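Please open the model in your viewer and keep the sequence panel beside it, since each stop on this tour begins with a selection.

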Amino acid sequence: MNQFLRAAYGDPCRECGFEWAVGPAVCGAIVSEAPGRFRSLLSGHDGKEAHPKLEWNATAYVVHVADVLRIWSDRIAAVALGASDPVVPYDEDRLGDARGYMRLPLPGALWSLGRAVGDWQAAEQLAESATVVLTHPEQGPLELDAVRRIMAHEIEHHVGDLLLIVSP
């Protein structure tokens, strides 16, 4: 289990209830179902809705999840294809600013999330035929199942944010 993330978020996560012991099948279902869940949650909304306790609007969280899936897809694929370079961290707030998360249109964000899930699934499939261990400077060695949990938690955590944003 990822002790770094357990310490950071709790087990279960203090905000979203995610349990870090979930298996690969549950993680896969969470990722696969993400586009439909996000689309359903945001049905009838324009994505500009925000909540005072959160830093981004609804669309920004959709784009953020899509970017996280793509970034980790690249990382998984690189190791599956023979790279041994350590994970290069990034600042999600700076990425959000650079990409203009807060100003992007919701339909494109939802489309992007669906594409990102496809990228993740392709990278995951590629990694199934290799022994994949990523070296993260903060979290240490991460096997594929640990990264699956990171992706599932990311989705569950931001579904919670969207529920907060769109709830009356």
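Bear in mind throughout that this is a predicted model. Begin by selecting helix H3, residues 58–80, together with helix H5, residues 106–128, which pack with their axes 8 Å apart and at an angle of about 20°. Angles under 35 degrees count as roughly parallel, and H3 and H5 are therefore described as roughly parallel to each other. If you turn the view so that one helix lies over the other, the crossing in which H3 passes H5 is a left-handed one. Colouring the residues of this contact between H3 and H5 by character gives 19 nonpolar residues, three polar ones and four charged ones.

Keep H3 displayed and replace H5 with helix H4, residues 92–99, for which the packing angle against H3 is about 115° and the axes are 11 Å apart. The range from 65 to 115 degrees counts as roughly perpendicular, and H3 and H4 are therefore placed in that class. The handedness to look for at this second stop is right-handed, as the crossing of H3 and H4 shows.

Next, select glycine 36, which has its place in helix H2, residues 24–41. Is this glycine buried, partly exposed or exposed? With a relative accessibility of 35%, glycine 36 counts as partly exposed, because the partly exposed class lies between the limits of 20% and 50%. A distance drawn from the C-alpha of glycine 36 to that of alanine 58 comes to 15 Å, while the two residues are 22 apart in sequence.

Move on to strand S1, residues 133–136, and strand S2, residues 140–143, which pair in the antiparallel sense over four bridges. The two strands, S1 and S2, form a hairpin, and three residues lie between them. Showing the side chains of S1 separates a covered face, made up of Leu134 and His136, from an uncovered face with Val133 and Thr135. Which residue of S2 is the bridge partner of leucine 134? Select leucine 142, for this is the residue of S2 that takes that part.

The last selection is helix H6, residues 144–166, whose 23 residues should span 33 Å at 1.5 Å a residue, and whose end C-alpha atoms are indeed 33 Å apart, so the expected span and the model agree. Colour H6 by relative accessibility, and 18 of its 23 residues come out as buried, so that H6 is largely enclosed by the rest of the structure.

Conventions. Residues numbered from 1 in each chain as written. Predicted model: local features only at pLDDT ≥ 70, side-chain atom pairs only at ≥ 80, totals over all residues. Heavy atoms only, no water. Axes fitted to C-alpha atoms, helices over the stretch in contact; angles between N-to-C directions. Parallel < 35°, antiparallel > 145°, perpendicular 65-115°, else oblique. Left-handed = near helix turned anticlockwise from the far one by under 90°. Nonpolar A, V, L, I, M, F, W, Y, C, P; charged D, E, K, R; others polar. Buried < 20%, exposed > 50% of the residue type's maximum accessible area, 1.4 Å probe, protein only. Pairing = 2+ DSSP bridges. Expected span 1.5 Å × (residues − 1).
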